[in-house]
2 protein chains.
Amino acid sequence: MGEYVFTQGEEVSSLYLVKSGLLKAYYLSDDGKENIKSFILPGDNIGSLMASYAGKTSTFSLVCVKPTELIQVEFKALYEASRTDAELSSAIVDFLLAFGMKKEIREYELLCLSAEERYRRLIENTPELFDHVTQNDIARYLGITPVGLSRIKTRINN
Amino acid sequence: MGEYVFTQGEEVSSLYLVKSGLLKAYYLSDDGKENIKSFILPGDNIGSLMASYAGKTSTFSLVCVKPTELIQVEFKALYEASRTDAELSSAIVDFLLAFGMKKEIREYELLCLSAEERYRRLIENTPELFDHVTQNDIARYLGITPVGLSRIKTRINN
DNA sequence: TTGAGGAATTAACCTGGGTTAAAAACCGTG
DNA sequence: CACGGTTTTTAACCCAGGTTAATTCCTCAA
């Protein structure tokens, strides 16, 4: 709860699998604005590809929103092992396919939908989230400010 | 040139590798608005994960902007083969890692940057694109209208 | 060379969401 | 219960970008 798994700018060499709890991954801009990349729920996996694969530092921070149990996997070891272990490799393929599809959906929403539509879809698809996350964070996930989200809500309720 | 590789709503079972040429992948909304998901350059790979992996129909269309040579790969066969062939599987892992990183960057740009910043970065990172793609399409890739982009340009040149 | 169709620009007006700041509602803790 | 901090709402004002439509530019085929 409130603990960081890793922070922006850090070298990260692991992937994580969420057993229980809730995390948020977010970008912090130069002027201190927070943009939430994703919430990570039990069963989801998370990691900074850029950091662990391309050897850069992480572009975002990962922090627990609720008490969380994680399984940590050393990326490089996994990657090397996958070179010769077909079963492991195909598990990784599944992991990456799931990852890619999540990203594809998010990209679609950010590119094609208005903030209001994204909000409606979030209610539709992940209502649990609203029980555990402040409206502030919901807004920053939708790509708008808390004030903006409050306005959308009142607009929706006529 | 102008030929469709596949269109939105179609069942797609292949991935593609671009040998030469240029394509665009785009979403068409109910009210006829086009939003460009990505431009695909030589060396890039493209496919609808949702369609070929999850068995849904494609959420976007893929069309050639310039005469293009493609290598087509049947997804299911590839996926099955990868289950037992470590070398193949690890090639797929690399493919998916590259795919994931591209998506991650795009997500960041859409979530955190203004249209003007995205435009500046595009000039910076992919100037070639401007030789082959209309400004209309650049705008639709940036997530704004052609009118909006024209304004940004004049704003930048004081 | 001209004319026609598409691409880009410009202008006028509108709207969604940003910004700032204050007020109100909601906590948990002593 | 009251206090102090955090969330949420509300209000006033602002701006980026959307919309529509007219104008200019470009290109290319006849």
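Angles under 35 degrees count as roughly parallel, over 145 as roughly antiparallel, 65 to 115 as roughly perpendicular, and the rest as oblique. The model on display is predicted, so local features require pLDDT of at least 70 and side-chain atom pairs pLDDT 80 or more, whereas totals for chains, interfaces and linings use all residues. Residues are numbered from 1 along each chain as its sequence is written, and chains are lettered from A and ligands numbered from 1 in the order in which they are written.

**Stop 1: a helix pair in chain B**

Select α4(B) and α7(B). Helices (H or I, at least four residues) and strands (E, at least two) are DSSP runs, numbered from the N terminus. The two helices pack at an angle of about 75°, and their axes are 10 Å apart. Axes here are lines fitted to C-alpha atoms, for helices over the stretch in contact, and angles run from 0 to 180 degrees between N-to-C directions. α4(B) and α7(B) are therefore roughly perpendicular to each other.

Next, display the side chains at this crossing. A115(B), E116(B) and Y119(B) of α4(B) meet G148(B), L149(B) and I152(B) of α7(B); contact requires C-beta atoms, placed from the backbone, to lie within 7 Å. Four residues of this contact are nonpolar, one is polar and one is charged. In this classification Ala, Val, Leu, Ile, Met, Phe, Trp, Tyr, Cys and Pro are nonpolar, Asp, Glu, Lys and Arg are charged, and the others, Gly among them, are polar.

**Stop 2: the surface near DNA strand D**

Keep A115(B) and G148(B) selected and add DNA strand D. Which residues are the closest to DNA strand D? They are Q135(A), S150(A), A115(B), I144(B) and G148(B), out of 17 residues that surround the strand. A residue is near a molecule or strand if its C-beta atom, placed from the backbone, lies within 6 Å of it.

Colour by element to see the contributors: α6 (135-142) and α7 (146-156) of chain A, with α4 (115-125) and α7 (146-156) of chain B, each supply at least two residues of this surface. The largest share, six residues, comes from α7(A). By class, the surface near DNA strand D holds six nonpolar, eight polar and three charged residues.

**Stop 3: the surface near DNA strand C**

Move to DNA strand C. Of the 17 residues around it, A115(A), I144(A), G148(A), Q135(B) and S150(B) come nearest. Here α4 (115-125) and α7 of chain A, with α6 (135-142) and α7 of chain B, each give at least two residues. α7(B) gives the most to the surface near DNA strand C, with six residues. This surface divides into six nonpolar, eight polar and three charged residues.

**Stop 4: the contact between the chains**

Hide the DNA and select the contact of chains A and B, which takes 32 residues from each chain. On the side of chain B, β3 (34-40), α1 (49-52) and α3 (86-112) each supply at least two residues. α3(B) provides the largest share of that side, 18 residues. The side of chain B that touches chain A divides into 16 nonpolar, nine polar and seven charged residues.

Now isolate α3(A), residues 86-112, together with α3(B). How do their axes cross? They come within 9 Å and cross at roughly 20°. α3(A) and α3(B) are therefore roughly parallel to each other. Their crossing is left-handed, a term for a near helix turned anticlockwise from the far one by less than a right angle (right-handed if clockwise). The contact of α3(A) with α3(B) comprises 16 nonpolar, six polar and eight charged residues.

**Stop 5: the strands of chain A**

Finish on β2(A), residues 14-28, and β5(A), residues 61-74. β2(A) and β5(A) pair in the antiparallel sense over 11 bridges; pairing requires DSSP to find at least two bridges between the strands. At one end of the selection, Y26(A) has S61(A) as its bridge partner in β5(A). L15(A) has V73(A) as its partner in β5(A) and G47(A) as its partner in β4(A). Add β4(A), residues 45-47, which pairs with β2(A) in the antiparallel sense over three bridges. Strand β1(A), residues 4-6, is joined to β5(A) by two bridges and runs antiparallel to it; F6(A) has L62(A) as its partner.

Lastly, select β3(A), residues 34-40, which six bridges join to β2(A) in an antiparallel arrangement. L28(A) is the bridge partner of E34(A), and A25(A) stands opposite S38(A). The hairpin of β2(A) and β3(A) has five residues between the strands, and in it G32(A) takes a positive phi near 85°.

Key: Two residues are in contact if their C-beta atoms, placed from the backbone, lie within 7 Å.
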